[in-house]
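Visitor: I should like to learn how to read the features of a structural model, one at a time. May we begin with the pairing of strands?

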Amino acid sequence: MRLRMLAAAAAAVLTVAATASCGGGSADDSGVVTLKLGFYAAAGDPADTTMRELVKEFTAANPSIKVQLEVAPYVKFFEKLRTEIAGGQAPQVWLSDGVLVQEFAARGALADLTDRVKTVNAADYSGIELNRDTKGRIYGFPQGAQTPVLFYNKKLFAEAGVDTPTPDWTYDDLAAAARKLTKDTNNDGKPDTYGFRAYSPGFTESWWPIIKAFGGDIVTDGNRKVVVDSPQSKAALDWMLGAMGTDGGKDGFAPDYATTEGLGKGVVHTLFATGRVAMSYGIYARTLPAASAGVDFGVAPMPKGPAGRGNVAIVNSWVVGKAASPAQADAAWKWITFFSGEGPQRKWAELGEAIPINKKVAATALPADRRQAFLDSLDAATDLGVNAVWSEYTEALSKRISEALSGASPVDTALATGQKEAQEVIDRFYAGQTQ
């Protein structure tokens, strides 16, 4: 999953050398199929470079397929894509953020891949089941996976004389260690280093898995019924407020909401890499800034709450446009199976930005000291409440939960209001829907 901070980069649309522009249909008179392939990345970054190399490898092995590669940073890519879909000009195959697959499917933009997926050994890949809709249909084939685990700074643990996290840790164990790791070295009354980062604008690494660990849930019934207003969810948010010292307690061990939110999303995700927090939930992509900063870090399973760990995952996926001709759809599937193969997956794994979905590659390509925590988390994960209006309903819900965590609204009120408003978003879309 390419990080959303790439959205600030300038848009770029690149075409692989020696390829033709996308003609409207199937094969030309010589039997050559032109396939427009889209994905998101900033021009010239490692993902862009690697993808172009893989496309050249693919076309060399498949001379009857010409590929037109369309690339732009995350936000620009999906803005343009929605316009292209409306105008019937979308790529025949593109990389979708995993949380958006059901949106495109519900709007009739995607081909059903269920029968094609039956031709591969599903046991060889991670994330296929997370892509099934409520009727068992599959509209996307996994490209790379993200799931949060607990990152910890070995140096800070050693300096504080605190034992590093174990798979048996509970939220009480996390809190006890985080208090010992929180330090005010200049005696200004405010910690310079916090034990844990509890809140993040990216809820995948914050309140979503915490609520699930405490026994709450966000959506049920095929991700169409919002159920976040519960005593268990309240307990989870109360724990977070206590961690941030904003519930009247004096032993907060996490940056409070105002401090964290004020940093901005890009900076929040560097708190661990810069040593300002000793522990943080992080998806696999967070290993990149930590490693680049030279942090000696480890990863462990998230701690257990009353209901377990609350593991969730996002599986970014290749999708095939419904408007693709039969020949283009076949070529698109050939690309997908190529990319999922051992060679391309190993090359992609070298980027270090996502967990490979090819299980054989994941079992050997990931760093040995981080491998098991991520793979176990992915195996145990549920999806992130994806449906046709995921972006809209989670935005409505996040707004209210942020009010609770900032102290602007009582937790009870925020959960009740958030549930009501998020449910209204879902109901508006699905009213009268038969799919």
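Guide: Let us start with one pair of strands. In this predicted model, strand β4 (residues 141-146) and strand β10 (residues 314-320) are paired in the antiparallel sense over five bridges. One residue pair illustrates this: Gly144 has Asn316 in β10 as its bridge partner.

Visitor: What is the order of the strands in the open sheet of six strands?

Guide: The order is β2-β1-β3-β10-β4-β11, and the pairing is mixed. Each of the two edge strands, β2 (65-72) and β11 (355-356), has a single partner strand, so one side of each lacks a neighbour in the sheet.

Visitor: Which strands make up the open sheet of three strands, and with what pairing?

Guide: That sheet runs in the order β8-β5-β9, with antiparallel pairing. Its edges are β8 (279-282) and β9 (297-300); each has a single partner strand, so one side of each is left without a neighbour in the sheet. On average, and with direction ignored, neighbouring strands of this sheet are turned by 30° against each other. Strand β5 (residues 149-153) pairs with β9 in the antiparallel sense over four bridges, and Leu150 stands opposite Ala300 in β9.

Visitor: Which helices pack on this sheet?

Guide: Helix α6 (residues 171-181) packs on the sheet and touches β5 and β8, its direction making about 130° with that of β8. Helix α15 (residues 368-380) also packs on the sheet, touching β5, β8 and β9; the direction of α15 makes about 30° with that of β9.

Visitor: How should one read the packing of one helix against another? At what angle do α8 and α16 pack?

Guide: One reads the angle together with the distance between the axes, and then the residues in contact. Helix α8 (residues 231-243) and α16 pack at an angle of about 45°, their axes being 10 Å apart. The class follows from the angle: values from 65 to 115 degrees count as roughly perpendicular and those under 35 as roughly parallel, and α8 and α16 are therefore oblique to each other. At their contact, Leu237, Met240 and Leu241 in α8 meet Ile401, Ala404 and Leu405 in α16.

Visitor: How does one recognise the buried side of a helix? Which residues of α13 are buried?

Guide: One lists the buried residues and then examines their directions around the axis. In helix α13 (residues 342-349), the buried residues are Pro344, Gln345, Trp348 and Ala349. They cover an arc of only 135° around the axis, which puts them on the same side of α13. The elements that cover these buried residues include α1 (46-61), β4, α12 (326-339), β11 and α14 (359-365).

Visitor: Let us turn to charged side chains. How many salt bridges are there?

Guide: The count comes to 20 salt bridges. For each pair, one may consider the N to O distance, the location in the chain and the accessibility of the partners.

Visitor: Where in the chain do Arg400 and Glu421 lie?

Guide: Arg400 and Glu421 form a salt bridge whose closest N and O atoms are 2.7 Å apart. The pair links distant parts of the chain, with Arg400 in helix α16 (residues 390-405) and Glu421 in helix α17 (residues 411-430), 21 residues apart. Arg400 is buried, at a relative accessible area of 18%, whereas Glu421 is partly exposed at 23%.

Visitor: How many residues separate Glu424 and Lys420?

Guide: Both lie in helix α17, four residues apart, about one turn of the helix. The closest N and O atoms of their salt bridge are 2.8 Å apart. Glu424 is partly exposed, with a relative accessible area of 35%, and Lys420 is exposed, with 52%.

Visitor: Is Asp133 buried or exposed?

Guide: Asp133 counts as buried, at 15% relative accessibility. Its side chain meets that of Arg137 in a salt bridge of 2.8 Å, N to O. Salt bridges may also be joined in a network, as is the case for Lys36, Glu70, Lys80 and Glu84.

Visitor: Finally, how does one read a loop residue? Where is Pro306 found?

Guide: Pro306 is found in the loop between β9 and β10. Pro306 counts as exposed, at 69% relative accessibility. Leaving aside its neighbours within four places in sequence, Pro306 is in contact with Ala213 and Phe214.

Methods
Residues are numbered from 1 along each chain as its sequence is written. This is a predicted model: local features need pLDDT of at least 70, side-chain atom pairs count only at pLDDT 80 or more; totals for chains, interfaces and linings use all residues. Side-chain values use heavy atoms; hydrogens and water are left out. Two strands pair if DSSP finds at least two bridges between them. Axes are lines fitted to C-alpha atoms, for helices over the stretch in contact, and angles run from 0 to 180 degrees between N-to-C directions. Contact means heavy atoms within 4.5 Å. A salt bridge is a side-chain nitrogen of Lys or Arg within 4 Å of a carboxyl oxygen of Asp or Glu. Buried means under 20% relative accessible area, exposed over 50%, partly exposed in between (1.4 Å probe, protein chains only). The arc is that of the directions from the helix axis to the C-beta atoms. Angles under 35 degrees count as roughly parallel, over 145 as roughly antiparallel, 65 to 115 as roughly perpendicular and the rest as oblique.
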